[in-house]
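Visitor: Please take one part of this model and describe it closely, with the cut-off behind each term. I should also like to know what surrounds that part in your account.

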Amino acid sequence: MILDDLDSRPGSTTSLLRTVVGLYLRDLGGAVAVADLVELLGALDVPPVGARGAVSRAKAKGLLVPETVGGRAGYSLAPDAARMLARGDRRIFAYRQQGDDDPWCLVSFSLPEERRAVRHQLRRHLAWIGAGTVADGLWIAPGHLVDEVEEILVGLGVREAATVFVAGPPRVAGSFADAAARWWDLDRVAALHRDFLARHGGSRPGAARPDGVRPDGVRPDGVRPHGGDASPRAAFARWVRAVDDWRPVPYADPGLPLSALPADWPGAASVALFDGLRADLAAAAADHVRVVVGR
């Protein structure tokens, strides 16, 4: 089984819980009381009944396992969850841009019709990590994703049906930008970036909102209204929602070379905005978590 966020819906109670777990549970020693999780989700306007339901779903999905924490009912991370969260950290907090001469990963596979269900899952997982479709049974991803590709193949039990190549830049008829537009749904990826900008700081790359705030969150007078004097609880709420909205973006976006992207590509602006939000909110948000759990 592959434990991942494939079906998460940003903004849903379950997705917010997974974001809170991913951000803080490891720093809390891997376990937390249910009552503390409910209180943390309360800062995100999640009612207690909804929070407890989300915890139950996370348990059913294999993310959490029951554990007594300080004499109270609680949960700890499932054995396989730490690896998934570490993989997520690399994507969420260390966005990578492919260089023109960097290696690429090619995945060739062939699965018979009687294995069409697992073939469908393989395609879904490859698309989730940002791989593009060159042809039926041939997918491409930046070379730094080769370990993730291998994990997917092994996790789905199809390693024997696939061959993985690490190769130089593809040679195509015409421009690589034209090929990339065929292999990846760049319109969808751009829309994810623009939606993040609109939700958390700006309506389009390089533009200010009507109140004068730039996409990086800075007002004309140089003050960042989303940081600074915000209470730790408010910082926690804004930071968790920002991470929850951002989390699918660096998976969908493989970090193609700039030469393969449209001139108005919004990715750089949204990456900068996310980094700015992290600088302004993450420390205060962590303070709120420590107060709630008493550690």
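The reply below starts from one sheet and then turns to empty space and other strands.

Guide: The model is predicted, so local features need pLDDT of at least 70 and side-chain atom pairs count only at pLDDT 80 or more, whereas totals for chains, interfaces and linings use all residues. Residues are numbered from 1 along each chain as its sequence is written, and side-chain values use heavy atoms, with hydrogens and water left out.

The part chosen is an open sheet of three strands in the order β1-β3-β2, with antiparallel pairing. Its edges are β1 (31-33) and β2 (64-69), each of which pairs on one side only. On average, and with direction ignored, neighbouring strands here are turned by 35° against each other. Strands (E, at least two residues) and helices (H or I, at least four) are DSSP runs numbered from the N terminus, and two strands pair if DSSP finds at least two bridges between them. Axes are lines fitted to C-alpha atoms, for helices over the stretch in contact, and angles run from 0 to 180 degrees between N-to-C directions.

Between β2 and β3 (residues 72-77) there are six bridges, and the two strands run antiparallel. One of the pairs involves Glu67, whose bridge partner in β3 is Gly74. Helix α2 (residues 34-42) packs on this sheet, where it touches β1 and β3, and its direction makes about 80° with that of β1. Helix α3 (residues 48-60) also packs on the sheet; it touches β2 and β3, at about 120° to the direction of β2. Contact means heavy atoms within 4.5 Å.

Helix α2 also takes part in enclosing a cavity. On a 1 Å grid over the protein atoms alone, a cavity is a set of points where a 1.4 Å probe fits but cannot get out, while a pocket is an open set with protein on both sides within 12 Å along at least five of seven lines; lining residues have an atom within 4 Å of a point. Points are joined across faces, edges and corners, and a volume is the space filled by probe spheres set on them.

Two cavities of 30 Å³ or more are counted, and the second largest has a volume of about 40 Å³. Its lining consists of Val20, Val21, Tyr24, Leu25, Leu28, Val32, Leu37 and Leu40. The elements giving two or more residues to this lining are α1 (13-25) and α2, with the largest share, four residues, coming from α1. By class the lining has eight nonpolar, no polar and no charged residues, where Ala, Val, Leu, Ile, Met, Phe, Trp, Tyr, Cys and Pro count as nonpolar, Asp, Glu, Lys and Arg as charged, and the others, Gly among them, as polar.

The largest pocket, by contrast, holds about 450 Å³ of space. It has 24 lining residues, of which Ala127, Arg188, Leu192, Pro248 and Ala252 lie nearest its centre. Two or more residues each come from α5 (116-128), β5 (132-135), α8 (186-200) and α10 (249-252), and α8 gives the largest share, six residues. This lining has 15 nonpolar, three polar and six charged residues.

Further antiparallel pairing involves β4 (residues 104-109), which is joined to β6 (residues 138-142) by five bridges; there, Val107 has Trp139 of β6 as its bridge partner. Strand β4 also pairs with β7 (residues 162-167), again antiparallel, over six bridges, and Leu106 is matched with Phe165 in β7.
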